[in-house]
Structures are given as structure tokens and as C-alpha cells.
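Q: I'd like a close look at one part of this model, with the details tied together. Could you walk me through it?

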Amino acid sequence: MNEIKEKIDDKLKDISYINLAIGGTSCYYWKKYIPQINIKYSPIIIFLNLGFNDIHGGTFGTNLRNRYRDVINKLKAKFPESHIICFTICHSPNYPLARDYEDEFNYYLLNFGNEFGVKVIDLSLHTKMKNMEKQLIKG
């Protein structure tokens, strides 16, 4: 086991990262937080995993899409050379009534990510299945 760890550590020795995650936050707070970020270098890649707390806090639809877009625009303004990769929302079985809002937001991200100039990684199998269903219905 130590041999594997040593190989991994050797491969990753020159890779550095900064984790600026703040658990339990929403797009609303990130819009205020981004201007305060003070790091020496511009990140190569920014991973964005937002939206879940917004939906489960009562923000969805157009309000969430606008806030999310604002976050992306602020990140692009602050770090113009960085690539942004967004993750879709994973459904929590503890919130069955939120599934439609999650799916709607995921569908939005997957279909309009290019408009924002970001890459989107779909983490939600349910969303993938819903999108396939929509494509089949369209013919």
C-alpha cells in the first residue's frame, strides 16, 4: 500500500491547489465572497459546485440561474485566464420534493454551459436519464 501512495505522491508532487470551498453556502454568498479572494496566482482550473444549497434554501428557477451566472461572471472577471468547470447537482433522497428543481437546474447547466464559456460535468444519473427521455420524445 505504501508503494502505491509513494507513486501517487511522486506523480502529484508538482501539482498544487487551493481549496476555497465554504460548505453550506449559496450563489448569493459567493457573489460577495469572490471579490475578497486574495491569492497570488490565477488558478488554471476552477471547479464550481454550487446550486444545491440555493435550491434547498428556496432559490430556484430564474433567480438561481441569474445568481449562478453572476458567480461565473465574477470568477471570469477576477480570473480571466482560468478555465471553469461546473458540476451538476446530485439529488439528495432527503429532499424528494426538490428533484424537479434540481433536474431543471441541471438541464439548464448542461444545455447552456457553452453560453457561459464553461465546461459542465454531469454528476447526476437521474438528469442524464431525463435528458435521454426528452431526446427520445423529440424523435
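Is R65 buried or exposed, or does R65 count as partly exposed? Please start there and work outwards through helix α4.

A: Sure, and keep in mind that this is a predicted model. R65 counts as buried, because its relative accessibility is 18% and the cut-off for buried is under 20%. The side chain of R65 meets that of E104 in a salt bridge, with N and O 2.3 Å apart. That pair links distant parts of the chain: R65 belongs to helix α4 and E104 to helix α5, with their positions 39 residues apart in the numbering. E104 doesn't share the buried label, since at 30% relative accessibility it counts as partly exposed.

As for the general idea, side chains of opposite charge can pair when their charged atoms come close.

The structure holds two salt bridges, and the other one also involves α4. Here K31 pairs with D70, and the closest N and O atoms are 3.4 Å apart. K31 sits in helix α2 and D70 in helix α4, so this pair too links distant parts of the chain, 39 residues apart. Both partners count as partly exposed: K31 has a relative accessible area of 22%, and D70 comes in at 32%.

Now for the nonpolar side of things. The largest nonpolar core has 23 residues, and those with the most contacts inside it are L48, Y68, V71, I72, L75 and I84. The elements giving two or more residues to this core are α2 (27-33), β1 (45-48), α4 (61-78), β2 (83-87) and α5 (99-116). Among these, α4 gives the most, with five residues.

For a view from one core residue, take I84. Setting aside neighbours within four places in sequence, I84 is in contact with I46, L48, I72, L75, K76, V118 and K119.

I46 also leads us to the largest pocket, which holds about 1000 Å³ of space. Its lining has 36 residues, and the ones nearest the centre are I18, N19, L20, I46 and F47. By class, that lining is made of 25 nonpolar, 10 polar and one charged residues. Helix α4 turns up here as well: β1, α3 (52-56) and α4 each supply at least two lining residues. The largest share, four residues, comes from β1.

So, back to the helix you asked about: α4 carries R65, the partner of E104, and D70, the partner of K31. It also gives the most residues to the largest nonpolar core and supplies at least two to the lining of the largest pocket.

Methods:
Residues numbered from 1 in each chain as written. Predicted model: local features only at pLDDT ≥ 70, side-chain atom pairs only at ≥ 80, totals over all residues. Heavy atoms only, no water. Core = buried A, V, L, I, M, F, W, Y, C linked by side-chain atoms within 4.5 Å. Buried < 20%, exposed > 50% of the residue type's maximum accessible area, 1.4 Å probe, protein only. Contact = heavy atoms within 4.5 Å. Salt bridge = Lys/Arg side-chain N within 4 Å of Asp/Glu carboxyl O. 1 Å grid on protein atoms, 1.4 Å probe; cavity = no way out; pocket = protein on both sides within 12 Å on 5 of 7 lines; lining within 4 Å. Points joined across faces, edges and corners; volume = space filled by probe spheres on them. Nonpolar A, V, L, I, M, F, W, Y, C, P; charged D, E, K, R; others polar.
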